[in-house]
Amino acid sequence: MAAPVDLELKKAFTELQAKVIDTQQKVKLADIQIEQLNRTKKHAHLTDTEIMTLVDETNMYEGVGRMFILQSKEAIHNQLLEKQKIAEEKIKELEPFLPWGMGSCPFLFSLPVPL
């Protein structure tokens with residue numbers, strides 16, 4: 001009688017371990033993506049800060065593929081602000097995948113995973 005219960009427990013535990021591994025991989029991927037988006041946001045902010053120190057009539061070149069397009073300072077400034085805003089939105093979309101955003105499943109990260 002104990003054998004069927006043991007098999008059911010073993011099957012349930014194996015499924016739970018598979019879910020843990022899958023969840024950990026998703027968390028790592030989300031963390032990597034958030035790091036990249038934070039770098040993009042910081043780069044855009046620093047570039048914008050430096051651009052704003054220039055006089056308003058300064059024309060700039062935007063790199064597009066293998067060419068450069070002449071743009072006004074204001075156009076470049078708006079593009080950088082938009083890039084920062086998009087990065088911030090994507091970060092907010094990814095945050096629920098992180099452990100502190102998964103309030104209903106905190107025990108998944110405390111289980112030992114066999115190697």
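# Reading a predicted chain from Lys 73 outward

Tutor: Start at Lys 73, a residue of helix α2. Keep in mind that the model is predicted.

Student: Is Lys 73 buried or exposed?

Tutor: The relative accessible area decides this, and a value under 20% counts as buried. Lys 73 has 5%, so Lys 73 is buried.

Student: With which residues is Lys 73 in contact, leaving aside its neighbours within four places in sequence?

Tutor: For such a list, look for residues that come from elsewhere along the chain. Lys 73 touches Ile 51, Met 52, Leu 54, Val 55, Asp 56, Thr 58 and Met 60. With one of these, Asp 56, the Lys 73 side chain forms a salt bridge, at 3.2 Å from N to O. This pair links distant parts of the chain, since Asp 56 sits in the loop between α1 and β1 (59-64) and Lys 73 in helix α2, 17 residues apart.

Student: Is Asp 56 buried or exposed?

Tutor: Each partner of a salt bridge should be checked separately. Asp 56 has a relative accessibility of 61%, so Asp 56 counts as exposed, while Lys 73, at 5%, counts as buried.

Student: How many salt bridges are there in the whole structure?

Tutor: The search finds five. One of them joins Lys 41 to Glu 88, with the closest N and O atoms 2.4 Å apart. Lys 41 belongs to helix α1 and Glu 88 to helix α2, so this pair ties together parts that are 47 residues apart in sequence. Lys 41 is partly exposed at 25% relative accessibility, and Glu 88 is partly exposed at 28%.

Student: Where do Lys 26 and Asp 22 lie?

Tutor: Both are in helix α1, four residues apart, which is about one turn of the helix. Their salt bridge has its closest N and O atoms 3.5 Å apart. Lys 26, at 48%, counts as partly exposed, and Asp 22 is also partly exposed, at 35%.

Student: What are the elements of the protein chain, from the N terminus on?

Tutor: Read the order before the details. The elements run α-β-β-α, which comes to two helices and two strands.

Student: Which residues form the largest nonpolar core?

Tutor: In soluble globular proteins, nonpolar side chains tend to be buried together. Here the largest such core has eight residues: Val 27, Ala 30, Ile 34, Leu 37, Ala 87, Ile 91, Leu 94 and Leu 98. Helices α1 (2-52) and α2 (73-94) each supply at least two of its residues. The largest share, four residues, comes from α1. Apart from this core lies another one of five residues, including Ala 44, Met 60, Ile 76 and Leu 80.

Student: With which residues is Ile 91 in contact, its neighbours within four places in sequence left aside?

Tutor: A list of this kind shows what one core member touches. Ile 91 is in contact with Ile 34, Leu 37 and Asn 38.

Student: What separates the C-alpha atoms of Thr 47 and Leu 80?

Tutor: Distance in space and distance along the chain are two separate readings. Thr 47 and Leu 80 are 33 residues apart along the chain, and their C-alpha atoms are separated by 7.8 Å. Thr 47 lies in helix α1 and is partly exposed, with a relative accessible area of 28%.

Student: What share of the contacts with a separation of 6 or more joins residues 24 or more positions apart?

Tutor: This figure describes the whole chain, not one pair. The share is 62% in the protein chain.

Student: Where is Gln 71, and what does its side chain do?

Tutor: Find the element, then the partners. Gln 71 is in strand β2. Its side chain makes a polar contact with the side chain of Glu 62, at 3.1 Å. Beyond neighbours within four places in sequence, Gln 71 is in contact with Asn 59, Met 60, Glu 62, Ile 76 and Gln 79.

Student: Which residues form a nonpolar patch on the surface?

Tutor: Nonpolar residues can be looked for on the outside too. Tyr 61, Phe 68 and Leu 70 form the patch, with about 410 Å² of accessible area together. Leu 70 is found in strand β2 (residues 67-72).

Student: What are the totals for burial and surface?

Tutor: Of the 115 residues in the protein chain, 20% are buried. The accessible surface of the chain comes to about 9,000 Å², and 62% of that belongs to carbon and sulfur atoms.

Note on methods: Residues are numbered from 1 along each chain as its sequence is written. This is a predicted model: local features need pLDDT of at least 70, side-chain atom pairs count only at pLDDT 80 or more; totals for chains, interfaces and linings use all residues. Side-chain values use heavy atoms; hydrogens and water are left out. Patches are made of residues with over 30% relative accessible area and no salt bridge: like charges are joined within 9 Å, nonpolar side chains (Val, Leu, Ile, Met, Phe, Trp, Tyr) within 5 Å. Accessible areas come from the Shrake-Rupley method with a 1.4 Å probe; for residues, only the protein chains shown count as cover. A salt bridge is a side-chain nitrogen of Lys or Arg within 4 Å of a carboxyl oxygen of Asp or Glu. Buried means under 20% relative accessible area, exposed over 50%, partly exposed in between (1.4 Å probe, protein chains only). Contact means heavy atoms within 4.5 Å. A polar contact is a pair of N or O atoms within 3.5 Å; within protein, one must be able to donate a hydrogen and the other to accept it, and residues adjacent in sequence count only if both atoms are side-chain atoms. A nonpolar core is a set of buried Ala, Val, Leu, Ile, Met, Phe, Trp, Tyr and Cys residues joined through side-chain atoms within 4.5 Å.
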